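Work through the exercises below with the structure in view. Each task is followed by a solution in steps.

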Amino acid sequence: MAGEFNSTDSSRLLFAGLSRYLTPETEAVDSYNVTGKQTLVLDATSNGGTQKLSIASDNGISGNAGVLLSDIQVRDGNGVLLASFSPAQLATIPGAGASCGSAQSDGWRLNDNCTLEIPLQLAAAQTVSVSVTASPVNTDSAALAVSLDVTETQPTQTLGALAIRNALINLHQRLLDESVQLPDPELAASYQLFLDLWNARRSASKPAYLANTCNYSFTDPQQQASDPYQVMNAWMGVMTYFLTDYRFIHE
Amino acid sequence: MMNRRDALKLLSSVGLTAFTPSLLNRALAQAMDPAAYTGPLYIVIQANGGWDVTSFCDPKENIAGQPIINTWAQTGTTQKAGNLSYAPFANNQALFEKYYSYMLVVNGVDSQTNAHDAGKTHNWSGRLSAGFPSFPALVSSIQAPTLPMSFLTNGGYAETARLIRATRVNSIAPLNNILFPNTPEILPGDRFFDDDDLDIITAASNARLARLQAQSALLPRQQNNRDIYAASLASSDGFDAFAALLPSDDELQPAVDDQGNPAPLKQQAQLALLAFKAGVSMTADLTYNVFDTHTNHDALQSTGLSNLADAIDFIWDFAEQQGIADRLTVYVASDFGRTPRYNSNSGKDHWPIGSAIFMRKNAPWGNRVVGFTDAGHNAMKTNPATLQADDNSGVLIHPGHLMDALRTLAGIDNDPITQKFPLNMNEQIDFFQSG
C-alpha cells in the first residue's frame, strides 16, 4: 500500500488517481512542497453549503519539523474575499481545531503529521480560491496538503468519493473479476467498508501512519508511512477484504 | 484480463501479500468459543519404502544350509516381550518391552505387490485400485468433518476421495503464518490491524460471503465450493488454542537423529498431537521414507527402525503429557516387507509379505499376535474365526482385512460414506476381538 501511494501516479498498479490526501469528503485537494515563506493557492469548485478547509503537515511521523501557517483566505472567482482566518487565533475560530501543534505569535505551528480544520460556510455553488501562507519550521522544505472538504459522514458525490469508487470498480474487476457500477450492491458494500474504516479511525484518533513501517521497503519510512487522513490505513483494510474474498482465493 | 495468479504477482510486488487468506478464519476464530473435539484420535505411521519386519516384529533366524536371512541372527536369538516376539535389533527391545501391552501385531500381511505405489495404495486404503480413501481421511470425514484441520498429512498416501480436506502441516513457519495472519512475520507480537479495524473488515467479509452463497444460478459445484469455504471459516474454532500450544523453536522436536540422519517422525507427531490436544484435528498421517534398503540394509534398517521406535515412544509419552493418550490409536505399517536374504550389495529387495502394528493404551487386544509366516517368511493362512494358523480353512491376510477390521473398530463400517468404498473382502477377520 505504501509502495503504491508513494509511487508516481503513472507507475501505480492499482491506485492510480488517488492520494493519501484524497478522502471521501474531498471536494478539491493539492499538495505542496514549502521551501520558504510562500502563499499556496488551491482553486476549487464548491457545491456550497457547509464546508471545511483541511490542512495537513506531512513531513514525517516523528520529527520535530513542521509548518507555520500565518494566514488563510478564501476568495470567490472574482477575487472577492469571502473569508479570512488568522491561524494564530485558531482557538477563537468557531468549530476550528488541530490534531496537534501550537499557537505562535505569528501563526499556528502545525507539527509533522498534524492536521488542522476550519469550518467554512459557502452560500452557493461557486468557484473559490483558497490561499494559505506557510513557511517551513526546522526544515528546509516541508510537505503540506490543502483541501476543501464537505462535512458529511457518508459522502457520495464529492471528488474524493467518486475517485474512491472508481478505484473500487477497478479492484472489483481486477481482483474478483466482477464488473460493477452503481447502484451495484457490491460496489456499495466495498465503498461502505472504506467509509466505515476511515470514519472509525478518525473518530478514535488512531495513529496517523502505517503500522509496522520496518516491514516495508521504504526509502524514507518517516515520510512515506505518514497517513494524516487515515486514507492508506482504510485502503489496507479494503484490500484485505478483497484478498480474503472467496472469488479471489478460489475462482 | 488479469487472472488470479497475475494479481498475486502484482500484489506481491506492492507488498500486499503479507495478509494471508486465512485472516478471516482467525477473526472468526477469535469471535467464537472453541468447541474442542474430544472423541477418538488416530495416528497412522507410514514407514515408507518397505520395512524389514524380520528384524522387527516378525523375527526370522537363519536356516542352516540356506542363505542368511538376518545378520543379527548369527549372534542373537528371537526375544519375547509378553506374547510378542521381536528381533534383537535396533531399539526393538526398549520398544517392545515398554509397549507390548499396547500392541496388536499382525504378521504375514500379503500386500500382493512388489511395487511401492501399489503397496502404499493397498496398505493405506485397503484396496489395490486407486481412488479409495485412506483410513484417516475416511474416519475424519465421518466422525469429525467440521474440524478445521480434521485430517493432517505429512505427504504420504493421503487419498481423500474428496471426502474431506487434507491439511499438510509439517513446518512451524508456514503454520505460524496461517495461525497468526494478523502478525507481521518479522515482528512477532505486533499486528497489522487492531481489533476495531478487524471487526469492521470481518463484518463486511461475512456479509459479502453470505451474498455470494445466496446468489442464484450457481452451478452445483460452485455452490458446493462456496458452502465448503463458508464452513471452513465457521469451523475455525480452536485455532487460538492450537496457536497457544505451538512449540517454540527450542521446544520443537528435531527432524534429525543424533547422527544427523533424517528422523522427522517426532516433529510430525508433536505437531499432530498438539493439534489433537487443541481439538482442531482428529487424524494424522506421519511419514518416514527411509526403508527402501537395496544396499547397506542392516545399517539403514537399524537407523530407520531405531528412529521409528523412538518416535513411537515419543508419541505415547507426549500423548500422556497432553492428556490424550486414552483416546489415541496408532497404526504402523509399510508398503510391504523385504526379502529373507541379502543381495550382492548387502541389501534386501522387495518382498510382498509384511506386518502391521496397532497400538492403544489398555486395549483388550493388546499383547496379541495374529497372522503367521514360516521360517522363510512366507505368509501362512489364518483362520478368520479362531485367528489361528489354518492351512485348510484359513485365508491369507491382506491389507483389506486390516482396513476392514479397523473400520469396524472405529465404528464406521456401516456408515453410508464407508459403504461407498467397499473393500469386498470375502471374509472378515476380527483382529480386535476381546478375549
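**Exercise 1. Chain B in outline**

How many helices and strands does the secondary structure of chain B come to? Then state what share of the residues of chain B counts as buried.

Solution. The model is a predicted one. Counting along chain B gives 13 helices and 14 strands. The chain has 435 residues, and 47% of them count as buried. For contacts in chain B, take the pairs of residues at least 6 apart in sequence: 69% of these contacts join residues at least 24 apart.

**Exercise 2. The two domains of chain A**

Give the bounds of the domains of chain A, and describe the side of domain 1 of chain A that touches domain 2 of chain A.

Solution. Step one is the assignment: domain 1 of chain A is made of 2-21 + 155-250, and domain 2 covers 26-150. Step two is the spacing, with 25 Å between the C-alpha centres of domain 1 and domain 2 of chain A. Step three is the contact, in which 13 residues of domain 1 of chain A meet 17 residues of domain 2 of chain A. On the domain 1 side of chain A, H2 and helix H4 (221-224) each supply at least two residues. By class, that side of domain 1 of chain A has 8 nonpolar and 5 polar residues, with no charged ones.

**Exercise 3. Helices H2 and H3 of chain A**

At what angle do the axes of H2(A) and H3(A) cross, and which residues make the contact?

Solution. Helix H2 of chain A spans residues 159-176 and helix H3 of chain A spans residues 185-203; their axes come within 10 Å and cross at roughly 120°. Angles of 65 to 115 degrees count as roughly perpendicular and those over 145 as roughly antiparallel. H2(A) and H3(A) are therefore oblique to each other. Their crossing is right-handed. H2(A) contributes A:Ile164, A:Arg165, A:Leu168, A:Ile169 and A:His172, while H3(A) contributes A:Glu186, A:Leu187, A:Ser190, A:Tyr191 and A:Phe194. Sorted by class, the residues of this contact are 6 nonpolar, 2 polar and 2 charged.

Now turn to the loop between H2 and H3 of chain A. A:Asp177 is found in this loop. Phi of A:Asp177 is near 55°, a positive value in a residue other than glycine. A:Asp177 counts as partly exposed because it has 15 C-beta neighbours inside 10 Å. A:Pro183 lies in the loop between H2 and H3 of chain A as well, and the peptide bond from A:Leu182 to A:Pro183 is cis, with omega near 5°.

**Exercise 4. A helix pair across two chains**

Which residues make the contact of H3(A) with H7(B)?

Solution. Begin with the geometry: the axes of H3(A) and helix H7 (residues 195-214) of chain B come within 10 Å, crossing at roughly 165°. That makes H3(A) roughly antiparallel to H7(B). The crossing of H3(A) and H7(B) is right-handed. From H3(A) come A:Ala189, A:Leu193, A:Asp196, A:Leu197 and A:Ala200, and from H7(B) come B:Asp196, B:Asp197, B:Ile200, B:Ala204, B:Ala207 and B:Arg208. The classes in the contact of H3(A) with H7(B) are 7 nonpolar, no polar and 4 charged.

**Exercise 5. Helix H4 of chain B and what it packs against**

How many residues of helix H4 of chain B are buried, and against which elements do the buried residues of H4(B) pack?

Solution. Helix H4 of chain B, residues 116-125, is mostly covered, with 7 of its 10 residues buried. The buried residues of H4(B) are B:Gly119, B:Lys120, B:Thr121, B:His122, B:Asn123, B:Trp124 and B:Ser125. They pack against strand S1 (41-47), helix H5 (135-143), strand S8 (328-334) and helix H12 (399-410) of chain B. Just after H4(B), B:Gly126 has a positive phi of about 90°.

**Exercise 6. A residue of strand S1 of chain B**

Is B:Leu41 buried or exposed, and which residues does B:Leu41 touch?

Solution. B:Leu41 belongs to strand S1 of chain B. A residue is buried if 20 or more other C-beta atoms lie within 10 Å of its own. B:Leu41 has 24 C-beta neighbours inside 10 Å, so B:Leu41 counts as buried. Leaving out residues up to four places away in sequence, B:Leu41 touches B:Phe276, B:Met282, B:Ile324, B:Arg327 and B:Leu328. The C-alpha atoms of B:Leu41 and B:Lys277 are separated by 9.9 Å, although these residues are 236 residues apart along the chain.

Technical notes
Residues are numbered from 1 along each chain as its sequence is written. Chains are lettered from A and ligands numbered from 1 in the order in which they are written. This is a predicted model: local features need pLDDT of at least 70, side-chain atom pairs count only at pLDDT 80 or more; totals for chains, interfaces and linings use all residues. Helices (H or I, at least four residues) and strands (E, at least two) are DSSP runs, numbered from the N terminus. A residue is buried if 20 or more other C-beta atoms lie within 10 Å of its own, exposed if 12 or fewer, and partly exposed in between; C-beta atoms are placed from the backbone. Two residues are in contact if their C-beta atoms, placed from the backbone, lie within 7 Å. Axes are lines fitted to C-alpha atoms, for helices over the stretch in contact, and angles run from 0 to 180 degrees between N-to-C directions. Angles under 35 degrees count as roughly parallel, over 145 as roughly antiparallel, 65 to 115 as roughly perpendicular and the rest as oblique. A crossing is left-handed if the near helix is turned anticlockwise from the far one by less than a right angle, and right-handed if clockwise. Ala, Val, Leu, Ile, Met, Phe, Trp, Tyr, Cys and Pro count as nonpolar, Asp, Glu, Lys and Arg as charged, and the others, Gly among them, as polar. Domain bounds come from an automatic or database domain assignment.
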